[in-house]
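Reader: I'd like to go through this one by asking about it piece by piece. Could you put it up first?

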Amino acid sequence: MTNRPLSPALTPIRRAAGLLAGLTLGVALLAGCSSEGASTDCGLDACTVTFDRGVDASANILGVEAKLVGAQGDQVTVEVAGEQVTLTVGQQATEVGGLAVTLDSVTQEQVKIRVAKNAES
């Protein structure tokens, strides 16, 4: 039987490589959203999308596209996963394409919605 000495230098290199691979995967998951005329803040199961008013605003989040269609007063119409819904601030979440969509806030400059994966999905 041959005893081979373990190289202690490989262990930290392997750990660093594993850490780098994990960080890369995490960034790839969270970077899976893009937007135009909007900003996104995404986690694993939900995203907050802040649309700029007065522009053609949209965002790709959680595998679907969300668009601001229009806003009047405290009511906003958005299109999520190809389906239009009208939301009001304080209203319970509306299901759209297996996602729960809520309107967080409406100002003269911005509209903020939250899109989350449904727990039942």
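Reader: Of the contacts with a separation of 6 or more, what share comes from residues 24 or more positions apart?

Author: This is a predicted model, where local features need pLDDT of at least 70, side-chain atom pairs count only at pLDDT 80 or more, and totals for chains, interfaces and linings use all residues. Residues are numbered from 1 along each chain as its sequence is written, and side-chain values use heavy atoms, with hydrogens and water left out. A contact here means heavy atoms within 4.5 Å. For the protein chain, the share you're after is 29%.

Reader: In what pattern do the helix and strands follow each other along the sequence?

Author: Helices (H or I, at least four residues) and strands (E, at least two) are DSSP runs, numbered from the N terminus. The protein chain has one helix and ten strands. Read along the sequence, that gives α-β-β-β-β-β-β-β-β-β-β.

Reader: Which strands stand at the edges of the open sheet?

Author: Two strands count as paired if DSSP finds at least two bridges between them. Five strands make up the open sheet, with antiparallel pairing, in the order E2-E3-E10-E9-E8. The strands with a single partner each have one side left without a neighbour in the sheet, so the edges are E2 (38–42) and E8 (94–96).

Reader: Which residue in E9 is the bridge partner of Thr94?

Author: E8 runs antiparallel to E9 (residues 99–106), and three bridges join them. In E9, the partner of Thr94 is Val101.

Reader: And at E2, which residue in E3 stands opposite Ala38?

Author: E2 is joined to E3 by a hairpin through three residues. Five bridges pair E2 with E3 (residues 46–52) in the antiparallel sense. Opposite Ala38 in E3 you'll find Phe51.

Reader: Is the disulfide of Cys42 and Cys47 right-handed or left-handed?

Author: A disulfide is a pair of cysteine sulfur atoms within 2.5 Å, and Cys42 and Cys47 have theirs at 2.1 Å, S to S. The torsion about that S-S bond is about 115 degrees, so the disulfide is right-handed.

Reader: Are Cys42 and Cys47 buried or exposed?

Author: Buried means under 20% relative accessible area, exposed over 50%, and partly exposed in between (1.4 Å probe, protein chains only). Buried residues make up 26% of the 121 residues in the protein chain. As for Cys42 and Cys47, both are buried.

Reader: What share of the exposed area do carbon and sulfur atoms supply?

Author: Accessible areas come from the Shrake-Rupley method with a 1.4 Å probe, and for residues only the protein chains shown count as cover. The protein chain exposes about 7,900 Å², and the share from carbon and sulfur atoms is 51%.
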